[in-house]
Amino acid sequence: MNEKSNLSQAPIVLVRFDDPEKKPLLYACGKCGQIHSPRIYACNDTLAHEAARRAAEDCYTCRTHNTCQHCGAQCEKGWLACDKCRRSSSFEKAKEVPLDGVEECFGFDGGEFYRSPQDAAEDGEDWVYLCTFRHYSVDLERLEQDILDDHHDDASIHDLKAFDALVTAVKAFNEAQTSGSFDEDRTRRARVSHLRDEEDHSHPDPRD
Ligand SMILES: [Zn+2]
Ligand SMILES: [Zn+2]
């Protein structure tokens with residue numbers, strides 16, 4: 001039920017105690033007292049006061065939920081869109097690709113990492129995001145900053161001895177790495193739901 005007309009919820013208008021004109025300065029939520037200042041709005045005074053009063057009326061702190069900006073459904077505070085609209089927007093943003101050769105992947109809905117699309121399907125995912133792989137590596141620029149930071153203002157790479165040797169060593173080190181991490185690639189998705197229905201031949205009977 002809408003109780004906006006209820007007096008206890010009307011915004012509190014703060015004025016200077018000694019101002020005979022009682023010119024409004026700030027607005028506060030009638031329920032929780034959260035203060036809204038017109039000064040944070042970059043527009044003319046009248047509009048800024050209107051905006052601050054409206055913010056006090058429709059107090060964000062007192063709100064239990066947000067309204068999805070796409071479909072108008074209730075959604076969690078801190079989000080501009082509901083789960084359903086966020087899902088469909090992520091879905092549209094990702095391009096569908098074939099599952100051929102896909103191994104490691106992330107569940108589209110749960111975000112879990114899986115070693116195989118089969119695992120994702122068995123866990124209830126209909127779609128997976130593909131992965132990109134990132135090897136362990138030393139970032140030369142960061143290393144350079146690390147060496148020079150905390151030194152005098154004119155500290156420069158030219159002060160360093162044997163820096164070329166370090167660069168060569170770092171390059172060799174980076175090229176030698178074979179492990180690292182899988183990152184979710186939110187631009188590509190593949191369907192896995194059909195794997196759930198297929199008969200599972202991948203796990204032989206342990207009694208064999
Ligand atoms: Zn409030
Ligand atoms: Zn929505």
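Select first the five strands E6, E10, E9, E7 and E8, which form an open sheet in that order with mixed pairing. The coordinates belong to a predicted model. The edges of this sheet are strand E6 (95-96) and strand E8 (113-114), each of which pairs on one side only.

**Inside the five-stranded sheet**

Next, select strand E9, residues 127-135, together with strand E10, residues 180-191. These two strands run antiparallel and are paired over nine bridges. To locate one position in this pairing, display Phe-133, whose bridge partner in E10 is Phe-182.

Keep E9 on screen and add strand E7, residues 105-107. E7 and E9 are antiparallel as well, and two bridges join them. Here the residue pair to display is Phe-106 and Tyr-129, the latter being the bridge partner in E9. Strands of a sheet pair through backbone hydrogen bonds, either parallel or antiparallel.

**Val-192, just past E10**

Move on to Val-192, in the loop between E10 and helix H6 (193-197). Is this residue buried or exposed? Val-192 has 25 other C-beta atoms within 10 Å and therefore counts as buried, the threshold being 20 or more.

Which residues surround Val-192, leaving aside its neighbours within four places in sequence? Select Leu-99, Pro-117, Ala-120, Ala-121, Glu-125, Asp-126, Trp-127 and Val-128, with which Val-192 is in contact. A distance label from Val-192 to Asp-119 should read 9.5 Å, C-alpha to C-alpha, although the two are 73 residues apart in sequence.

**The three-stranded sheet**

Now turn to the other end of the numbering and select E1, E2 and E3. They form an open sheet in the order E1-E2-E3, with antiparallel pairing. Strand E1 (12-15) and strand E3 (35-36) are at the edges; each has a single partner strand, so one side of each is left without a neighbour in the sheet.

Strand E2, residues 24-28, is joined to E3 by two bridges, and the two run antiparallel. The pair to display is Tyr-27 with its bridge partner in E3, His-36. Then add helix H1, residues 45-57, which packs on the sheet and touches E2 and E3. The direction of H1 makes about 25° with that of E2.

In the segment before E1, select Gln-9. With 14 other C-beta atoms within 10 Å, Gln-9 is partly exposed. A line drawn from its C-alpha atom to that of Gly-78, 69 residues apart from Gln-9 along the chain, spans 23 Å.

**Helix H5 and the loop before it**

Select helix H5, residues 163-176. How many of its 14 residues are buried? The count is zero, and H5 is hardly covered. At 1.5 Å a residue, the helix should span 20 Å, and its end C-alpha atoms are indeed 20 Å apart.

The loop between helix H4 (140-148) and H5 includes Asp-150. Ala-162 is found in the loop between H4 and H5 too. Inspect the backbone torsions at both positions. Phi of Asp-150 is near 70°, a positive value in a residue other than glycine, and phi of Ala-162, likewise positive, is near 60°. Most residues other than glycine have a negative phi, and most peptide bonds are trans.

Both positions also invite a look at their surroundings. Asp-150 has 7 other C-beta atoms within 10 Å and is exposed. Ala-162, with 9 C-beta neighbours inside 10 Å, counts as exposed.

**Zooming out**

Finally, display the whole protein, which has six helices and ten strands. Its radius of gyration is 29 Å, well over the 17 Å that the globule rule gives for 208 residues, so the protein is more spread out than a compact globule. Along the principal axes, the C-alpha atoms fill a box of roughly 85 × 65 × 30 Å. Buried residues make up 13% of the 208 residues. Of the contacts with a separation of 6 or more, 51% are between residues 24 or more positions apart.

Colouring by domain completes the tour. The domain assignment gives domain 1 (7-57), domain 2 (64-93), domain 3 (94-135 + 178-197) and domain 4 (140-176). Where the view holds both domain 1 and domain 4, note that their centres, taken over C-alpha atoms, are separated by 55 Å.

Note on methods
Residues are numbered from 1 along each chain as its sequence is written. Chains are lettered from A and ligands numbered from 1 in the order in which they are written. This is a predicted model: local features need pLDDT of at least 70, side-chain atom pairs count only at pLDDT 80 or more; totals for chains, interfaces and linings use all residues. Two strands pair if DSSP finds at least two bridges between them. Helices (H or I, at least four residues) and strands (E, at least two) are DSSP runs, numbered from the N terminus. Two residues are in contact if their C-beta atoms, placed from the backbone, lie within 7 Å. Axes are lines fitted to C-alpha atoms, for helices over the stretch in contact, and angles run from 0 to 180 degrees between N-to-C directions. Domain bounds come from an automatic or database domain assignment. The expected span of a helix is 1.5 Å times one less than its number of residues. A residue is buried if 20 or more other C-beta atoms lie within 10 Å of its own, exposed if 12 or fewer, and partly exposed in between; C-beta atoms are placed from the backbone. The radius of gyration is taken over C-alpha atoms; the globule rule is 2.2 Å times the number of residues to the power 0.38.
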